[in-house]
Amino acid sequence: DDDVNNVPSQKEIETKIIGKWKATKRDNEDVITNRRSILTYKVDNIGTASHAGMIDGGVYIWDNQSPFTYSISGNKIHEIPDEGTTMRERVSVVANISESTLTFEDKSPMDSKISLFFSTKVTADYTNDIIGMWEGVEMTGYETYGNAEARIEYRADGTYTYYNKEGDYWVPSANVGNEYNVDGDWLATRWRPEAGADYNYEWWDIDEIKDGTMKWSALREKEKGERFTTTFTWKK
C-alpha cells in the first residue's frame, strides 16, 4: 500500500530524519521568520526543538533547544517533550522525505489547524561563530527594534549585551534578561525593557558569518498582513 501511495517507509524515515530541520513553508506559503521552528532528530530517538513566540491563548513560549524523545511508527513521528519545557507533544504524519526536504501534516501550534508543513535540512551551525562583539553596518527594510547603529556582544552562555551609541561612546542598554538562541542558522532573541516587564522578542535567519562579517535576513509581517523582508549586516 505504501508504494502505491508513495508514502515513505518507516525505514526510509528513520534513516533520513537524522539531522536539523527548519520549517519554511506552511500550505505552500512561506513561514515568516518569527514563526519558524527548528527540530533536530538525533540517533537513539532523542532530539531538540527550538521555537519562540505566541501560541494559543496569547501565551509566549521560549523553547531553546528543548529536549524530547521520539518514535517512528509507519510514516508517523511521535514526539514527547521532556518535563519542564513548553514544547507540546505531537504526532506528525510524514508525506514525503528526502535527504534535504521533509513534508508532513501537523496541527499548527498557532491555531490548531491541520496543515501541510515543508521543512528543509539545515547544515550550517553558527553557534560558535556568533560569539563576540558585533557592530551594525547596514540595515534594509522596515525597522522593528532599533536601527543599524548598535553593538551586540554575544556570550557563550546564551546571554548578550546590547549597546547604544551616545555621542562618542557605546553604552549598554538598560534591558534585562537578555537571552539568545542560535539553532543551526536561526536566531531567536528576547529581553525585558526593565525587571518584571513582559519580554520583547526578535528573530532572524543567519545567512552567513564569514571573514568578520555577519549577514541576517528575516521575512516579517505587519499587523494587517503585509509582508516585507529586512536584512542586517554586522562587522566583528
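These are numbered comments on the predicted model, moving from the whole chain to single residues.

1. Overall make-up. The protein chain holds two helices and 18 strands. Local comments below therefore centre on strands β5, β6 and β7, and on one loop residue, as a predicted model allows.

2. Size and proportions. A compact globule of 236 residues would have a radius of gyration near 18 Å, and the protein chain has 19 Å, so the two agree. The C-alpha atoms fill a box of roughly 70 × 40 × 35 Å along the principal axes.

3. Burial and contacts. Buried residues make up 41% of the 236 in the protein chain. Take the contacts with a separation of 6 or more: 43% of them join residues 24 or more positions apart.

4. Surface and charge. The accessible surface is about 12,700 Å². Carbon and sulfur atoms own 46% of that surface. The side chains include 28 positive and 42 negative ones. The centres of these two sets lie 2 Å apart.

5. Strand β6, two faces. β6 covers residues 76–81, and its side chains alternate. I77, E79 and P81 point to one face and are buried. K76, H78 and I80 point to the other face and are not buried. Note that E79 sits on the buried face, while I80 belongs to the other.

6. Strand β6, first neighbour. β5 (residues 59–73) runs antiparallel to β6, and six bridges join them. F68 stands opposite P81 of β6. P81 is also one of the buried side chains of β6. The β5–β6 connection is a hairpin with two residues between the strands. G74 lies in that turn and has a positive phi of about 65°.

7. Strand β6, other neighbour. β7 (residues 90–97) is also joined to β6, here by four bridges, and the pair is antiparallel. I77 has S92 of β7 as its bridge partner. The side chain of I77 is on the buried face of β6.

8. Residue K222. Where does K222 sit? It is in the loop between β17 (213–221) and β18 (227–235). K222 counts as partly exposed because its relative accessibility is 30%, between the cut-offs of 20% for buried and 50% for exposed. Which residues does K222 touch, leaving aside those up to four places away in sequence? The answer is Y142 and F228. T120 is 102 residues from K222 along the chain, and their C-alpha atoms are separated by 25 Å.

Methods:
Residues are numbered from 1 along each chain as its sequence is written. This is a predicted model: local features need pLDDT of at least 70, side-chain atom pairs count only at pLDDT 80 or more; totals for chains, interfaces and linings use all residues. Side-chain values use heavy atoms; hydrogens and water are left out. The radius of gyration is taken over C-alpha atoms; the globule rule is 2.2 Å times the number of residues to the power 0.38. Buried means under 20% relative accessible area, exposed over 50%, partly exposed in between (1.4 Å probe, protein chains only). Contact means heavy atoms within 4.5 Å. Accessible areas come from the Shrake-Rupley method with a 1.4 Å probe; for residues, only the protein chains shown count as cover. Lys and Arg count as positive and Asp and Glu as negative; His and the chain ends are not counted. The place of a charge is taken as NZ of Lys, CZ of Arg, CG of Asp or CD of Glu. Two strands pair if DSSP finds at least two bridges between them.
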